[in-house]
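Colleague: I am new to reading protein models, and I would like a close look at a single part. Could you walk me through the aromatic rings and what surrounds them?

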Amino acid sequence: MGKPRVVSQFEGLEHHHQILQNPPDLKQWRQRLHDVAEPLRLTKAEFDTYFPYVSNVWSYQKKYIRKDGVEIQHWNCRMQPQTNKSIKDIGNILKDKDEKAKKTRSKKIRDGGTCKSFLRIEILLDSYTLSLTGDPHKHDLDYMDQIKRNNALRLRCEHEIWRQRQPAEILAALQGSTYMQDGRKQLTDAGGEYLKL
Ligand SMILES: [Zn+2]
């Protein structure tokens with residue numbers, strides 16, 4: 001591994017490696033958090049770091065606190081049957097409530113929404129236990145990445161170090177080799193294979 005080559009238009013980014021650099025083993029973590037093939041126990045730090053990278057897979061539903069103090073959260077796979085309608089329809093439903101959502105959502109997505117995968121998260125103090133309920137996913141993680149960007153990636157794109165930059169510059173910096181030698185691979189590992197301007 002050589003030293004990353006810094007080009008002039010990205011001056012200042014050298015102090016923000018973490019924005020461009022994925023957390024360790026991100027690809028494996030994302031796969032694990034998509035599959036949940038067996039119960040996973042995460043620390044809060046691990047959960048906070050990696051779970052936002054699968055926000056395009058899991059959709060929060062509800063939570064309650066058990067008598068023993070354990071918080072139970074229920075999440076649905078985003079490919080649930082009830083979401084099998086165009087986002088424009090949803091936009092119309094939200095018309096007066098959320099004008100912004102309506103404007104930004106126009107693509108028809110989630111066809112074939114037949115996945116019956118559910119996620120249960122038990123939280124006690126610093127321990128997060130994730131387990132799958134229902135069926136395994138009927139799609140892969142790559143498919144979900146095509147449909148929706150994850151929140152962690154979105155936040156990285158929106159971070160303040162980018163504020164003065166053009167979208168093309170940001171994408172080029174994230175996916176190119178001008179700043180991070182393996183930028184394209186890192187972006188793919190982070191779920192940004194299909195990121196567009
Ligand atoms: Zn699924």
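Modeller: Happy to; here is a walk from the whole chain to the rings, and then to the empty spaces. Please keep in mind that this is a predicted model.

Let us start with the overall layout. The chain has nine helices and five strands, and along the sequence they come in the order α-α-β-α-β-β-α-α-β-β-α-α-α-α. Of its 197 residues, 40% are buried. If you take the contacts with a separation of 6 or more, 66% of them join residues 24 or more positions apart.

Now to the rings. A pair of aromatic rings is described by two things, the distance of the centres and the angle of the planes. By the rule used here there are five aromatic pairs. Take F47 and F51: their ring centres are 4.6 Å apart and their planes meet at 15 degrees, so this pair is stacked. An angle under 30 degrees is what counts as stacked. Both F47 and F51 are buried.

Y60 and W75 show the other arrangement: their centres are 5.3 Å apart with 75 degrees between the planes, which makes the pair edge-to-face. Here the cut-off is an angle over 60 degrees. This pair links distant parts of the chain, since Y60 sits in strand β2 (residues 58-65) and W75 in strand β3 (residues 71-77), 15 residues apart. Are the two partners buried or exposed? Y60 has 37% relative accessibility, so Y60 counts as partly exposed. W75 has a relative accessible area of 14% and is therefore buried. The line for buried is drawn at under 20%. Through ring pairs, F47, F51, Y60, W75 and Y128 are linked into a cluster.

F51 is a good place to look beyond the rings. Leaving out residues up to four places away in sequence, F51 touches L33, E46, W58, W75, L119, I121 and L130. F51 also belongs to the largest nonpolar core, which has 37 residues. The residues with the most contacts inside this core are L33, F51, W58, L119, I121 and L130. Helix α8 (residues 167-175) gives the core its largest share, four residues.

What about space that the atoms leave empty? Rolling a probe the size of a water molecule over the atoms shows where such space remains. One cavity of 30 Å³ or more is counted, and the largest cavity has a volume of about 30 Å³. Its lining consists of L20, N22, L153, R156, L174, G183, Q186, L187 and A190. Helices α7 (151-158) and α9 each give two or more residues to this lining, and α9 gives the most, with three. By class, the cavity lining has five nonpolar, three polar and one charged residues.

To finish, look at the second largest pocket, which holds about 190 Å³ of space. Its lining is made of K27, R30, Q31, D140, L141, D142, D145, T188, D189 and E193. The elements giving two or more residues to this lining are α2 (26-35), α6 (141-147) and α9 (183-189). Seven residues of the pocket lining are charged, two are polar and one is nonpolar.

Notes
Residues are numbered from 1 along each chain as its sequence is written. This is a predicted model: local features need pLDDT of at least 70, side-chain atom pairs count only at pLDDT 80 or more; totals for chains, interfaces and linings use all residues. Side-chain values use heavy atoms; hydrogens and water are left out. A nonpolar core is a set of buried Ala, Val, Leu, Ile, Met, Phe, Trp, Tyr and Cys residues joined through side-chain atoms within 4.5 Å. Buried means under 20% relative accessible area, exposed over 50%, partly exposed in between (1.4 Å probe, protein chains only). Contact means heavy atoms within 4.5 Å. On a 1 Å grid over the protein atoms alone, a cavity is a set of points where a 1.4 Å probe fits but cannot get out, and a pocket is an open set with protein on both sides within 12 Å along at least five of seven lines; lining residues have an atom within 4 Å of a point. Grid points are joined across faces, edges and corners, and a volume is the space filled by probe spheres set on the points. Ala, Val, Leu, Ile, Met, Phe, Trp, Tyr, Cys and Pro count as nonpolar, Asp, Glu, Lys and Arg as charged, and the others, Gly among them, as polar. Rings of Phe, Tyr and Trp (its six-membered ring) pair if their centres lie within 6.5 Å; planes under 30 degrees apart count as stacked, over 60 as edge-to-face and the rest as tilted.
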